[in-house]
Structure formats: C-alpha cells, structure tokens
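Trainee: I am new to this one and would like to go through the terms used for it. Can we look at it together?

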Amino acid sequence: MKLKTMLAAGFLALATFFMASCVKEEFDMDTVTATNWDPNVAAPLINSSLSLWDVMNDYDSTDLLVVDSNQFVYLVYEDTVYSESAENLIPVADQSMNYTDNLVLGTVSGDYTFDYDYNFDFALGGGMELDSMILKAGTLSMAMNSDLSYPATIEMTIPGSTLNGAPFAVTLNYSGSGSSTTAPLSGGRLVFDNSVVDNRLAVHFKVTVHGNGSANNATFANFNMNLNGLAFKFLYGYLGQFNLSMNNDTIGIRVYNNNLTGTVNWEDPRLYINVFNGWGLPIRTTIDYMEAIRTNNPPASVIISGAGIPNPWDINYPTAVGSVSTSSFFLDKNNSNIDAALNITPQRILALVSGATNPNGNVVKNFVEDVSRMAVEAKLELPFYGTANGFVMQDTFDISFGEDLSHVDWIMFKLYTNNMFPVDGTIQVYFCDSLNNRLDSLLNPVDQALLSAVPGPAPDYKVTSPVAKTVSQTIGGSRIGNLENTKKIVVTAWLDTYNGGTQLVKIYSYYKLDVRLSAQAQLKFNSSELE
Amino acid sequence: MKKTIITFLVFVSGIAGALQLNAQNDMIIQGMRIIPQSYYSNPAFIPQCRWHIGMPMLSSFYIGGGHNGFNAKNVISVNALDSVELDIESMIGSLKNHNYVSFEMNEELLSFGFKIKDKHYINFAATERAFARISYPKDLIEFAFYGNGALLDQTLDIGNFRVSENHYREFAFGYSYVYDKTWTFGARAKILFGMSNVNTRRTDVTLHTESEFFDITATSDILVNSNEIDNMTDTSEDYEFDAGRYIGLTSNMGLGFDFGATYKFDDKITFALSVLDLGYISWKSNPMNLTSKNSDGSFTYDGVDISEFMEMGADSFMQNLADTLIDIFEVDTTYDKYRTSLNTRIHASAFYKVTQKDHISALLRMHFYDRKVHPSFSLAYMRKFGDIWHVTGTYSITNRNYANFGIGWSLKLGPAQFYILTDNIFGPLIWNRYTWLEEKEDEFGATYFETQKLTIPRNWKYMNFHFGMNFVFGCKPPKDLVPILE
C-alpha cells in the first residue's frame, strides 16, 4: 500500500512536470482580422454670450457703437469727406524780374556810386491782392550782366520788407558780366504796395564801381532776379477767389456690406455735416447732391433731398489766426428723405459738394496760415430703433474639414441660442467647393435657430426675458463625402425683427445672445488601418 | 501597429498576470503544520515539530503575483476562419472598476522556534519583505475605447492609478500559549524598518461629459508619498544610489502585530481566527510628497468664447487657457514625513480531520487595502505519508478567478525539511503561444523575415511559489497534543 501511494505521488509529480510544457493554443498574429474601434467623441465648440458689440465686430470693427444714458445703442459712422490745408489750396508760383539800363562810364580811378529803382510785380492768380507774405522757404537768385571793366559791389534792398528781422538786403559782388549770387528766403517778410499795381515790391539797387584807372568803356547794366520755390508761412490781404474741389467723397456704411436683400427701417436716422474752418476767408459751398447708393445686388440709389439741406451754404470763418470756426447742419426724416434713402440698405452715401472762396469779392481782408485747414466731416447716426424685414446677410469663409473623413461615421451638431434681441433668425451654413458650388447644407431641412425675444411696450420697447432654442443636425452617410470636398462655407442669415418686422423695436446695450455650439462624432477605425 | 497593440495586450495580460493580486502569503501553507512557517498565517498555530531552525537565507522564499483584470484568453481568440480575433469588448467586460496588478517577494533571513513544555511556543524570524501593487481603472480603458461621447453623464475615474510599493525588514517575536484543551492563543510583535516606499494616497482624476452641451469637467486631487526614491526627481548626473546606506536604513521604524486563536470544537473539528499585520511604518528618511496645490481643482471646458478669442487672438487665448489649467492642476512637491499602514488580513479557517492521515480545511481570507475588503477563499486536502512526506492540494477562489488549483509538499529527510508550495499549479503550466513575422535587416541591409514568438500562461491571474529548507526536530507528535491537527 505504501508503495502504491508512493507511486501515485510520483505520477502526480511527473504529470506536473509534463504539463509544464503544455501549449494549449497557438496564435498566428499575422492572421489577425481587422478589429473595429468605434469611439464616440463629444465636445463643446463654442460658448459665447454675445453683445451687440460682438455681433457687429465682424463687420464694423472700425465703427462706433454709442450708448446713451438709457443704455440705448446708436451706430455712428463718421468720415472726413473733405480736408485741405491752405498751402495746398493756395500755391505761390516762382516769380522773376529783369531790367536793363544804360551805363555810360569812362576811365575811373577810385570808387564811383550810382542807383537804380525798379518794381517787382508778383504774378498771383485768382485776383489776389497780398498785403504781406511771410515765407518759410524759397531762394532768391540775383545776377548782373554788363560790359563794365571794373569790379563793382551791388546792394539790393526791398524797402519795408525784412529778412530774418533785418531790412531786406542782398549784396552781389560784380567781377564781370554774369556775376550772380543767391540768398535763402526762409524767414523773409515781403510787404507789398498795392497802391498802383497789385502785389508790387519796390526794389532798389545801389552800384559801387571800384575804378583802377585802366581803360573802360561801359555802355549798359542788366539786373535779373528770380524767386524760386516759394512757400508761405502766412498770407494776409485779399486771397482771391478759388474753387474748392470737394466732390466724390463718400460715407461707407459697412453694416450693409454683407447684406443681400431685405429692408431695414431706421426710425430716427440722422446725417450731420460739420465744417471746421481754419482759413480766415469767406467760403460759400453748394451741395450739388447727396445720394445713398446700394452697390450689392440689386443695385439701387436714392438722392437725398429736403429742406434741411442749405443751398448755398456760407461757411463761418475765423477772425483771428489759430482759431477754427464751425458750421453745421443735419438731416433727419423731418427735413429730408434720409430715412427713405437708408431703407435701401446702402453701402455708401455720396456727397457732391462744390465751394468757392470770397464769393462777394474783395470786401474783407483774408488771412491764412500754411497749416490752417478746412475739413468737412459727415456723421451718420443710426439709433437702433426701427424694424427689419427679410434682411439677409451672407459671408464666406475658407475652411477644410480634411481630405479624408472615411473614419467619420456621422457628426452631430447641436446649436443652442438664448436670445434677448428682438430678432428672429434663420441661419444656414452651405458647404461649397472651391468654385462656390454648393455641395451640402448644414441644416437640412432648414430650421429657425434664433427666436425673437418679445419687446415691451412703447416708447422703450425693452425686452425683459430671452428666448431659447435648440437646433441639432446629424450629417452622416454619403453627406460626409460632401464635407471632404468642402473648401468654403457660406453662412447665410435671414433676419426679421419681432413679429415679422412689423413692430418697432429698440436695441439696448445689455441685450445678449448666448450661443452654444456642440458637436458629437461617431468615429470608426479598423485595426488594419493603424499600420 | 496592430501587432504592437496585440503584443501589448498579451504582455499586459500575461506579464501582469505573473504578479499577484494581494500582498499576501500563500493560502496553502496554513494546513501544513509540519512546515514551521505555517505559524505565520496564525500565531496560534503551534508547529508540529518541537524545534526548528531555518536554513539561513533559504528557510522561506516566497514570490507571487497576480492580476485581477483580463487574461490573454479574454482578448485574443481564433475564429471559425482560423483567423485571430481581438476582442476589446470582452477585455473590458472582464475588468472591474479597479483592477490590480501586484507582486510580492519575501525572503526569510533567519528563523527559529521551539516549544516549552508543550504549553508555550517561542518563535523568531527576520524577514525581508517587498511588495508592489498598481491599480488601474476600468473607466480609462472604456474612455479610450468607447470615447467620451458614449459615456455621457458618467463621471469617469480615469486617473485612479494607485501605486503601492513597500520594502521593509521585519523582526518578529512570536509567542503561543496553549490555554487549555480547547483554546490556544498566539501573538507576534514585529519591529519594522522601512527601506523604500511609494504610496499613492489619492489620485482622483475624473472626467465628466454632460449630455446637453457636452461640457467636459475634469477634476484632479493627487497625493503621492514616497521615500528613498530620490531618482524620481533627481535627474542630476552626479546622483549615485548609495546601496550600503539603503540596506542599513533604520530611520523608518514601524510596529506590527499578529494575533491568533484556535478553538478545538471536538476531536475532528477545529476553528481558527487570526488578525495579521496590524501596524504601521513611519517614513522619515528622505521623504517626498507630490500633492495637488489645489485639492479641489476642477476645470470645465464648455467651448470657446468667440468674443474673448477674437479680442485676445489665438496665441494669447491658448496661453491663457494653459495658464488656467496649470493654476488648477499644478502639483506641488513637499518633503514631509508620513506614515503608512500595513495591509491587514483576517484569516478565518476550519479544519476537519477525516482520518489520522487525511485532513481537509477551509480558509476565508479578508485582505484590507484601498479602503476595501478583498476576500479570498480556499479549500484544502492534505495527505500525510508518514512524517516524511506531506502533500496538499487546494482549490481557491481569488483574484476574481475561480480556477486556481494549488499543490504543495514537504519532504523530511532526517532533520532536513524541504518544502515547495503553490496556490495555482495549472495557471503557469498551460500556455498560449503567439507567433508573427517581423521584418529585419541583415548586416548588408537586405531585409528578411524572422518568426517571433511569445509564449505566456493562458490563464495566469494568480500565481505564487513558496519554498524553503528547515532543520526540524521532535516532529513526531505525542498523542495528546493540542490542538488536534496532529
């Protein structure tokens, strides 16, 4: 028995040893069949609480939203439609003078002096009658031609005028015919004598001949003087009549740049024209016409007219150097058709304005400084108060979802809005190829993503509570292929103010549009593709 | 790539399977009273032999490991077309919320024990103990495979990677007392010297995706303590590990206690209960703590604020987002001492003497760690072939595995006793072999294919070996010895 037991135990030990080498199954890993890995991923994409500033930012980042004390919002477009400095308006041309006199002089020993007096008449346009001119740039060139054999000294002076505070004088040393000299005119003050001829300067030449007793037989003396590159610092007198080129300036209304169709009725639009005049001279302007122009399809235009447009319009001018006078008028729906003009959703307003200086002639002394300007500024003020109907906006963006979306089974987009604006909105995203051919659309069928909040009673029309809406859409199957070929997306929004645009609304600064966009995607991978 | 994935899965299931779930001793030993080391499973278990001296360094060597997650057989199978299939769903289905991979090794340096007048038993043992346990969450695997979109409104515990590594030296003094013919009591007091430790107190990293807007919320709360793990952070080139200092460490002292009792119900039935490893170690030498600066750190990503994005620009926006995340989830490093508890076990067992040579027993073990109870159950049959050869077979349920068959024997040749035990003999003996062709280049740059093989146990969720050599004396029991097993 004991032997049996020992044998049994030995067998057990042997079996244990034998089993140690037992390979039950063998797997050829090169025959592994594809294994699917189908993760589902979900993530929020956008979570924004958008104010009017955020909404307008894309279109009007350079424009101004203004809030009044009641938190009511205005959209303001300001443009300088004309701005000109006096030095650009009044050019001073180069001036020249040339005189020849007899010079009868024989042999001389020692100095001999004689004088000439001439008139230097400035040629200036527009009937200008200058009393004085202060120069900030310019060059005087003076030359003497003669058959005089002796050296001579010529001193030219302009009585009453100064150069850098001293009496105006320039000296020329004559050594032979054609001797010349130059002098800078910066800092020169020229005083004109208009008693006989306009814009006349009296010029005096004092000639001192230094005779040495040698033979001489002079017969003539010629004096030539040029003033080149003149630029004034200050002009005083009568500056004449000039036309002001103020045409073809526009105010861009960029809020409408992306508009396709629809109407917006601004209840209280205002167009301000302000002129800031630093020129000391009367100006009369004529507003030839103003026109609201829609350049988007379908093109349209409305000429802005009404009693509010002053024609002609005499611009105020300053009476002291350095001051600026202001002249203004404004148009609203009571004195013009500005409201009708804006209803066509124009992209710009064109103003054709002409003007002239000293319309009544030489009745008042003028003055201008070189840097003094006249500017015309136009300000379009659009209070967010009115209605909109069928207002369609569209914008295009480049995008790529990737060349290979074969690992995407479907994508679900979920859009949530919580809207405090009294605006209904339907938004569609079109997926397009590089040639703008529409391949697919996000919402199929289209669904209204934005529900208008309900405005309160007049006159404030305030919204008290927002309205929420959730829209979701799943793109799967063959539609995924459309995303692969998408190179652009076109975002189109159809907007109506509350109740189909039939009820007046106002927009306040505290209105918010909460937007949440989330996405969920079912992916599909095959282990054989993970090589 | 797919081979890489497959190989990874096979390795995880196989190699991890080589590691034992619980830092614990084998269950099979408790019925083999001829082996003096059975005393360690209950200090009231007075060994059969009156004297024993363990062979220094060889008296008891235990190595074990386990993985209670998935097996290779859960993941890889052959279909009807004779192709290999990878079944991730099956793998996930075999996981629990928290899955453990663990490893333990105990080396008894010196031990001896002796009885005094059959009423008292004295034992001493010096043992080097080391174990490591890593847990990983099922949620992370599910998150990776199914995606967050399939797990909406669930808080995914994706960061619960807990690491517990403990190496300490134990000096144990045991005393057992036969109170009367029915009761025996025993206790062991242990002085512990910690060598190294990594202890993950908290790694609570969660991810929650809500279903309405898919907002994703992440939370993080981390506290990891470590000791003598300088090289976790010390990347300086001149750092050198001082092995001599490490071995002689006495700074990290601790205390541990084992308590046990047996009750002899009648001549055939005995009950036993023990509480093991009650105690702690204070880690003072070179501690390091990694802790979340913001323990309530939470971040919810709910989408990009367009107006903020446009205002800041993409670069600034992303930088701001990164700064926010750092503020919330940044981990701080401190160097404070800390204390860890031992992993306490409770053993409840029953013994039935069928004949003088045939004994059966049952053991219910409850292991406490990670604030949970981890139970195991074992049935054993022991056959004595005289006092020379004792053979035991066991069936155990452990590591969520119901097919663990153990075997052990002890052989006494004169005073020399040899023993070898395992709780799972079949696991490591039945293998699967995985082969594939791998492209290689020879020395001339020509490519060729070489067959690669990986052979791993088919179902190796729990495995251990325990063997040793003692010198034993006075092993023939007197007929009136209590308790009743001999």
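Trainee: Which residue stands opposite Leu437(B) in β24(B)?

Mentor: In this predicted model, Thr451(B) of β24(B) stands opposite Leu437(B).

Trainee: What makes β23(B) and β24(B) a pair of strands?

Mentor: At least two bridges are needed for strands to pair. β23(B) and β24(B) are joined by 11 bridges, so they count as paired. They run antiparallel.

Trainee: How do you know that β1(A) pairs with a strand of chain B, and in which sense?

Mentor: Between β1(A) and strand β23 (residues 430-441) of chain B there are 6 bridges, and the cut-off is at least two, so these strands pair as well. Their sense is parallel. As an example, Asp28(A) has Thr435(B) as its bridge partner in β23(B).

Trainee: Why is the pairing in the sheet called mixed?

Mentor: The open sheet has 3 strands in the order β1(A)-β23(B)-β24(B). β1(A) and β23(B) pair in the parallel sense, while β23(B) and β24(B) run antiparallel. From one strand to the next, the twist averages 30 degrees.

Trainee: Why is one side of β1 of chain A left without a neighbour in the sheet?

Mentor: β1 of chain A stands at an edge and has a single partner strand, so one of its sides has no neighbour in the sheet; the same holds for β24 (447-457) of chain B.

Trainee: How many residues are in contact between chain A and chain B?

Mentor: Counting C-beta atoms within 7 Å, 41 residues of chain A are in contact with 48 residues of chain B. On the side of chain A that touches chain B, β3(A) gives the most, with 10 residues. By class, that side has 20 nonpolar, 13 polar and 8 charged residues.

How values were computed:
Residues numbered from 1 in each chain as written. Chains lettered and ligands numbered in written order. Predicted model: local features only at pLDDT ≥ 70, side-chain atom pairs only at ≥ 80, totals over all residues. Contact = placed C-beta atoms within 7 Å. Helix = DSSP H or I, 4+ residues; strand = E, 2+ residues; numbered from the N terminus. Nonpolar A, V, L, I, M, F, W, Y, C, P; charged D, E, K, R; others polar. Axes fitted to C-alpha atoms, helices over the stretch in contact; angles between N-to-C directions.
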